Amino acid sequence: MDRFTHAVAMASARHPWRTVAGWVVALAALLALAATAGGTFADDFSAPGSQSARAIALLDEHFPEAAKGKAVVVLEAEDGTTIAEDRAGVAAVLSQVAALEHVESVADPYAAGTISADGRIAYAELTLDVPEREMGKPAFTVLSNAVSGLDAPDVRVELGGDAVFLNSEDSTSGHVGIGLLVALVVLLVVFGTAVAAVLPIGLSLVSVGAAIGAITLLAGPMTVSVSAIPVAGLVGLGVGIDYALFVVARYRENRAAGQDNRTALGAAMSTSGAAVVFAGGTVVVATTALAITGVGVLTSIGLATALMVASAVAAATTLLPALLSLLGDRIDKGRIGRRHRTVAPVEETVWWRFGHRVSARPWPYLVAAVVALLAVAAPALAMQTAFPAAGDAPEETTHRQAYDLLTEGFGEGINAPLTIVMDLGGTGVDATDTAAVVRDVAAVPGISAVGAPLTSADGDTVVLTATPTTGPADPDTSTTIEHVRDAIPAGVYVTGITATTDDLNAQLSRTLPLFIGAVIAVSFLLLMMVFRSIAVPLKAAVMNLLSIGAAYGVLVAVFQWGWGAELLGLDGPTPITSIIVVIMFPILFGLSMDYEVFLLSRIKEEYDRTGDNTESVARGLAGTGRIVTSAALIMVAVFLSFVASPVPSLKMLGLGLAVAVAVDATVVRMVLVPATMALLGRANWWLPAWLDRVLPHLSIEKRATEESDEPDLSPAAMPRR
C-alpha cells in the first residue's frame, strides 16, 4: 500500500499542473452533469418483503391515484369564531392552495366532516399530482413556503403531513461555517503559517464539492435519501481536513529534519499518505456495509458517505502532493506569531513523559479508563429508539404548527394514520369482505376511527384509512399495528409512514447483528494484515466499541432523558432516531480506526527501529500527539457545528460523533493504548507463522530511506532566480 500511494503521489507531484487541471476538469464535469442529469432526492423507508412494502407496490400497480403524495392543509379560525362561520374565507384559501404547483386536488373539509368538535380547527387533505418520492425536497419547500405565504386574513393556515415533514428544508451552511472557522484557527496554531493552514480546508472543500456532484448523479439511477448529502458532507468535511493535515504535518516535519522537498514529500506520502489510504478505506468499507441492512435510506446514506470519504482520500493522495510540489518553500509563507519555533526533543514533550508514566503503572490507568467509559456508556442500556415525527420538529416550522393544531383538535392519533390495502386480485379476499375488514379493524383496541373504503378503477384494490388513538412515536402505536395485522385476513396489508417505519425498525432488529459483525470482522482483518498482529486489531475493536458506547450513552442522557436538552435548543426530552443510531455505528467505527491507525503505524515504525516496546509507545505518542489532538479538535468542531441545526436528528448525529472522536483521541489514545501495549509487551506484535504466510501484506510504514533515487522534477525543486 505504501508503494502504491508513493507512486500515485509522486506521479502527481512530477506533473502538478496536469493534476490540478485534471481536478478542475473533473470537478466542473461532475457539477455540470449533476445539474443536468442528476436525480432528485427522496427517502425510501420501506423494508423489503414487509407488509408495508407489499402494500405500496400494490398501490403503485393497481391504484396509482391512492399512491400519489398527500399533505394536509390545517386551518384555525380566529379567536371567538369557528370555521363554519367563515366558509367564504376558507373557500378562498383552499382555492389558492388548489392553484399551486403539484397540487392536483384539495378536499372540502365541510363535506369530509374534518372539523374539530369545537369548530375552531379543520383540515383538508391535499392530493399531489405525483408520488411524494418523485417530488423531491425543493418542490416540497416551494409548496410549504407558498402555503405559508397565502393571503388569509381571517384564518390561520399551516401545511402538514408526513411527506411535508420528511422533505422539509434544513439550513446547515451557517453552522458548517462556524466549524470551518474553528478548524482554521486550530490549523493556524498547529502550523503557524497561513498557507499551510488554509491548504487542508481548501482541499476538503474541493473533495466535498466533487463528492456532492457524484452523489447527485447517483440519485439518478437509485433513490438517494434527502439526508445523504448533509450526513456525508458532515463526515467529508472532517476527514478531508484531517487527512490533509496528517500529510502536510509529516511533510513539514520531514523538511524540518533536513530533507529536500521531494524526499520529504515522498516520505510523507509513504507513511502518513499510506495511513490516509488505509484509514479512509476502512471508513468506506464500514459505511458501504450499511447496504447489509436492506433498508434503502441507509444504503443510500452509506454509499454517499463512502463516496465523500473516497473523494477526500483521492484529493489527499493526488491533488495535495501536486499543490505541495507547486508551493515548495512557499508552504511556510504567511507566518503567524514567532518567526522561528524551536522543536523540542522527543524526550522533552508531555506526550513522551505521559506515555512512560502510563507504561510504568498500566493497571491503574487501564482500570480507571475502562470504568469511566463504561459509566458514560451505561445509559445506552436504557436506549429507546423511535422514528422522528413532525411533533419533534422546531416549533416555528409550518409542519410542527400543523401537527400541534391537529393534535389539539382531533387527538394525537390523527398524525399517525394507517392505510389498509386490500388485494382483491386472487388472494382469497373479495369485495364482499370489505365490510368485515372495516368492522374488524374498527374493533381493534387503539383504533379510534376507520374511514370509508375506496376502490380502484380496475376493482382489484380497496384502500381505507384507520386512525389510532396514539401518536407516531408512541410504543402503543406499534402494538396497535400488530393487533390490526392480527385481525385482518391474508391479502390485506397495513402501510402508511407509521407502519412503514415500524417495519423498518423490525428489519433493522433482524439485520443489525450481521451488519455490526461484518463491520468489525472486516476492520479486524484489515488491521491484522497491516500490523501483522492479533492483539492490535482485537484491542482496536474493543476500544472502538467502548468509544461508540460512550457516544450512545451521552445521546440517551441528553436527548432521551433531557439532561441539558435546553442548552441544545430543545424543548425537552426527544426520542432518539433509530436510523441515526445505525448510521453512527459504521461512521464512528471507521473514524475511530483513523486515529488508531495513525498512532499505531508510528508506534510500529519506532518498534521496528528500536525493538523497545515502551519507548516505541512513548515515541509514537510524542510523534503523533500534537497533530492527532489537533485533528480531533477540528473533527469535533465540525461535528459540533451541526448541534446548532434546528433538526433534532442532525443534533444527535453531530453530538454523538463529536463525543466519540473526543473520547477516542483522549481516553483511548492517551490511556488505553499505552496501558494495554505495556501489559502485552512483545505479544502486541505476535502473529502465528501459518497465518502470517496466508495473510496478504499491506504496509503503511515505509521509511524515508527507502525512497527511490529518481531525480526531482517537480517545480519545488527548481532553482530560484
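**Entry 1: R252 and D332**

Is R252 buried or exposed? I looked this up before anything else, bearing in mind that the model is predicted. R252 turns out to be buried, with a relative accessible area of 17%. I noted the cut-off next to it: buried means under 20% relative accessible area. The side chain of R252 meets that of D332 in a salt bridge, at 2.9 Å from N to O. The pair links distant parts of the chain, with R252 in helix α12 (residues 228-256) and D332 in the loop between α14 (296-327) and α15 (350-360). The two residues are 80 residues apart. D332 comes out at 23% relative accessibility and so counts as partly exposed.

**Entry 2: other salt bridges**

How many salt bridges does the structure hold? I get 18 salt bridges. I pulled out E408 and R120, whose side chains meet in a salt bridge of 3.1 Å, N to O. This pair also links distant parts of the chain: E408 is in helix α17 (residues 398-410), and R120 is in the loop between α6 (109-112) and β3 (121-128). I wrote down 288 residues for how far apart they are. R120 counts as partly exposed because its relative accessibility is 22%.

Which residues are linked with R120 in a network of salt bridges? I list E76, D118, R156, E158 and E408 alongside R120.

Next I went to D692 and R532, where the side chains meet in a salt bridge at 2.7 Å, N to O. D692 lies in helix α25 (residues 689-694) and R532 in the loop between α20 (497-531) and α21 (535-560), so this pair ties together parts that are 160 residues apart in sequence. On cover, I have R532 as buried, with a relative accessible area of 14%. D692 is partly exposed, at 29%.

**Entry 3: strands around β3**

R120 sits in the loop between α6 and β3, and that made me look at the strand itself. β3 is mostly covered, and I count seven of its eight residues as buried. What does β3 pair with? Strand β1 (residues 70-77) is joined to β3 by seven bridges, and the two run antiparallel. As a marker for this pairing I used V74, whose bridge partner in β3 is Y123. Strand β2 (residues 103-106) also pairs with β3 in the antiparallel sense, over three bridges. My marker there is S105, which stands opposite T127 in β3.

While I was in this part of the sequence I also checked R87. It lies over the face of Y110, at 3.9 Å from the ring centre.

**Entry 4: nonpolar patch**

I then turned to the surface. Which residues make the nonpolar surface patch of about 460 Å²? They are W363, V367, V371, L679 and L680. Two elements give two or more residues to the patch, namely α16 (362-377) and α24 (648-680). α16 gives the most, with three residues. I looked at W363 separately, which lies in helix α16. W363 counts as exposed because its relative accessibility is 54%.

**Entry 5: aromatic pairs**

How many aromatic pairs does a search of the whole structure find? My search gave eight. F354 and Y365 form one that is edge-to-face, 6.0 Å centre to centre with 80 degrees between the planes. F354 is in helix α15 and Y365 in helix α16, eleven residues apart. Y365 counts as partly exposed, at 24% relative accessibility.

Y607 and W685 form a tilted pair, with 5.7 Å centre to centre and 35 degrees between the planes. Y607 is in helix α22 (residues 578-610), while W685 is in the loop between α24 and α25, and they are 78 residues apart. Both Y607 and W685 are buried.

What sits over the ring of W685? I found the charged end of K604 there, 5.5 Å from the ring centre. So W685 goes into my notes twice: paired with Y607, and under the charged end of K604.

My last item is a cluster. F515, F585 and F589 form one aromatic cluster.

How values were computed:
Residues are numbered from 1 along each chain as its sequence is written. This is a predicted model: local features need pLDDT of at least 70, side-chain atom pairs count only at pLDDT 80 or more; totals for chains, interfaces and linings use all residues. Side-chain values use heavy atoms; hydrogens and water are left out. A salt bridge is a side-chain nitrogen of Lys or Arg within 4 Å of a carboxyl oxygen of Asp or Glu. Helices (H or I, at least four residues) and strands (E, at least two) are DSSP runs, numbered from the N terminus. Buried means under 20% relative accessible area, exposed over 50%, partly exposed in between (1.4 Å probe, protein chains only). Patches are made of residues with over 30% relative accessible area and no salt bridge: like charges are joined within 9 Å, nonpolar side chains (Val, Leu, Ile, Met, Phe, Trp, Tyr) within 5 Å. Accessible areas come from the Shrake-Rupley method with a 1.4 Å probe; for residues, only the protein chains shown count as cover. Rings of Phe, Tyr and Trp (its six-membered ring) pair if their centres lie within 6.5 Å; planes under 30 degrees apart count as stacked, over 60 as edge-to-face and the rest as tilted. A charge sits over a ring if NZ of Lys or CZ of Arg is within 6 Å of the ring centre and within 35 degrees of the ring normal. Two strands pair if DSSP finds at least two bridges between them.
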